[in-house]
Amino acid sequence: MDRRYVVIGAGAIGGVVGARLHRAGHRVVLVARGDQRAALRQHGLTVHGPAASETVRIPVVAGPEELELRDGDVLLLAVKTQDSAAALAAWAGRPVAAGGRAADRLPLVCLQNGVENERLALRHFRQVYGAMVVLPAEFLTPGQVRTWCGPRTGALVLGRYPGGADRTARDIAADLNGSDFRVLVDEDVLRWKYGKLVGNLANAVDALCGRRPGAEAADLAARAKAEAVAVLDRSGIGYAAAAELAELRRGVVEEPPAAAGPGSTWQSLKRGGSAEVDYLNGEIVLLGRACGVPTPVNEALQALVNRWARERREPGSLAPAELARLIESELIEPELIEPELIGSELIGSELIGSELLGSEAIRSEPAGTEQTGSAAAPAEQVGAR
């Protein structure tokens, strides 16, 4: 079947994935709005990679009403989690040319951080796939994105939600693998997504303090991750460990320190939009309250990032010492979980076990690199780290 990829949210992540699929010869449609849509239509999408920049011209629509869906379409959801419900509702009921609705006939892949999107999608769509995405990227200006890892653009773990791996997952993985990504198919994709969630908790510290030298910010990130590990362990939720994510990236998606850009939450604050913190640090807060494990650091980080977004404060403007003071002043529970509980391997910026257990690797030779921004209903994913 001739697959066509409809990227709902052509921001940093959606734009790069769409551009790479397009370059590999696949049919792609980008869904974008506002200035992003206008720039894509007028000038195309420019992806600035570590070795070169490339401009591609890909069909662009503003939403589902401008596109006739057909069998063979694959919907790639790349909006921010807070915008997923609206996007899913907008696309689920759209008719498919051969008959029926998109929700009943078309597969939908969640290319997003956190673990909530797949659950939201399954309320609407029969065929839902989760993807753990390692794709550092930055939205620069409308029509312009940057990505900086190599030799491949990114790495993904893909699987059916809530569990399993079918032919559709393998076909999509093969297309992505041939489009400059390393892709694994795993029947338990949520284990990878929970592992990456732990690493993403540091995004809040990065957004508030920037990447300043010193141990204070790293200590705050470690405390947030330690809370998460305690919560997941108490809840009986499996998560991939740091060594697994490192192995997934090793020699394939390497990040030169000098070229690294800001994290996705920092980018959201910089653009003056809402942040996904309710579905990152807030996910740990939710689980902690449900299982009776205190999460004061994540609770404080969630509140502070939301305040920064609400008041449109400059990202990176808070000194780590001041952040630590604010966190201490926000604490409801006096008991803090020490970073030692998670071990040194979980202190790094990427988290996720020691071997690629139960994963199926689909490999091909490397290809190219790039990324950009905008969405289908509300807003787009600005980056995934």
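A residue counts as exposed when its relative accessible area is over 50% and as buried when that area is under 20%. In this predicted model, Glu65 has a relative accessibility of 53% and therefore falls in the exposed class. Glu65 sits in the loop that runs between strand S5 (60–61) and strand S6 (73–77). Across space, the C-alpha atom of Glu65 lies 8.0 Å from that of Arg94, a residue 29 places away in sequence.

For the chain as a whole, the balance can be put in a few numbers. Of its 385 residues, 60% are buried. The exposed area of the chain is about 14,200 Å², and carbon and sulfur atoms account for 49% of that area. The secondary structure consists of 14 helices and 15 strands.

The interior is best introduced through its nonpolar cores. The largest of these holds 66 residues, and Phe125 and Leu323 have the most contacts inside it. Helix H9 (residues 215–235) gives this core its largest share, namely eight residues. A second core lies apart from the largest one and has 38 residues, including Leu111, Tyr129, Leu156 and Leu158. Returning to Leu323, its contacts beyond four places in sequence are with Val205, Leu208, Cys209, Leu220, Leu301, Leu304 and Leu318.

Cysteines deserve a brief word of their own. A disulfide is a covalent bond between the sulfur atoms of two cysteines. The count of disulfides in this model is zero. Cys110 has a relative accessible area of 0% and is thus buried, and Cys149, also at 0%, is buried as well.

Helix H10 (residues 242–249) offers a clear example of a helix with one covered side. Its buried residues are Ala242, Glu244, Leu245, Leu248 and Arg249. These five lie on the same side of H10, because the arc they cover around the axis is only 165 degrees. Which elements cover the buried residues of H10? Among them are strand S8 (128–134), strand S12 (154–160), strand S13 (181–186), helix H7 (189–200) and strand S14 (253–254). Just after H10 comes Gly251, with a positive phi of about 70 degrees.

Thr153 makes a good next stop. This residue belongs to the loop between strand S11 (150–151) and S12. Is Thr153 buried or exposed? With a relative accessible area of 0%, Thr153 is buried, because the limit for that class is under 20%. Two side-chain partners are found for Thr153: the side chain of Arg20 makes a polar contact with it at 2.8 Å, and the side chain of Asp180 makes another at 2.4 Å. The C-alpha atom of Thr153 is also 6.5 Å from that of Val253, although 100 residues separate the two along the chain.

Asp180, the partner at 2.4 Å, has a backbone feature to point out. Its phi is near 80 degrees, a positive value in a residue that is not glycine. Asp180 lies in the loop between H6 (167–177) and S13, and at 0% relative accessible area this residue is buried. Most residues other than glycine have a negative phi, and most peptide bonds are trans. Arg312 is another non-glycine residue with a positive phi, here of about 50 degrees. Arg312 occupies the loop between helix H13 (296–310) and helix H14 (320–330). Where Asp180 is buried, Arg312 is exposed, with a relative accessibility of 62%.

The peptide bonds themselves give two further points of interest. The bond between Gly150 and Pro151 is cis, with omega at about 5 degrees, and Pro151 is part of strand S11. A cis bond also joins Tyr161 to Pro162, where omega is about 10 degrees. Pro162 is placed in the loop that runs between S12 and helix H6.

Methods. Residues numbered from 1 in each chain as written. Heavy atoms only, no water. Core = buried A, V, L, I, M, F, W, Y, C linked by side-chain atoms within 4.5 Å. Buried < 20%, exposed > 50% of the residue type's maximum accessible area, 1.4 Å probe, protein only. Helix = DSSP H or I, 4+ residues; strand = E, 2+ residues; numbered from the N terminus. Contact = heavy atoms within 4.5 Å. Disulfide = S-S within 2.5 Å. Areas by Shrake-Rupley, 256 points an atom, 1.4 Å probe, with all protein chains shown as cover. Arc of directions from axis to C-beta. Polar contact = N/O pair within 3.5 Å; in protein donor to acceptor, adjacent residues only side chain to side chain.
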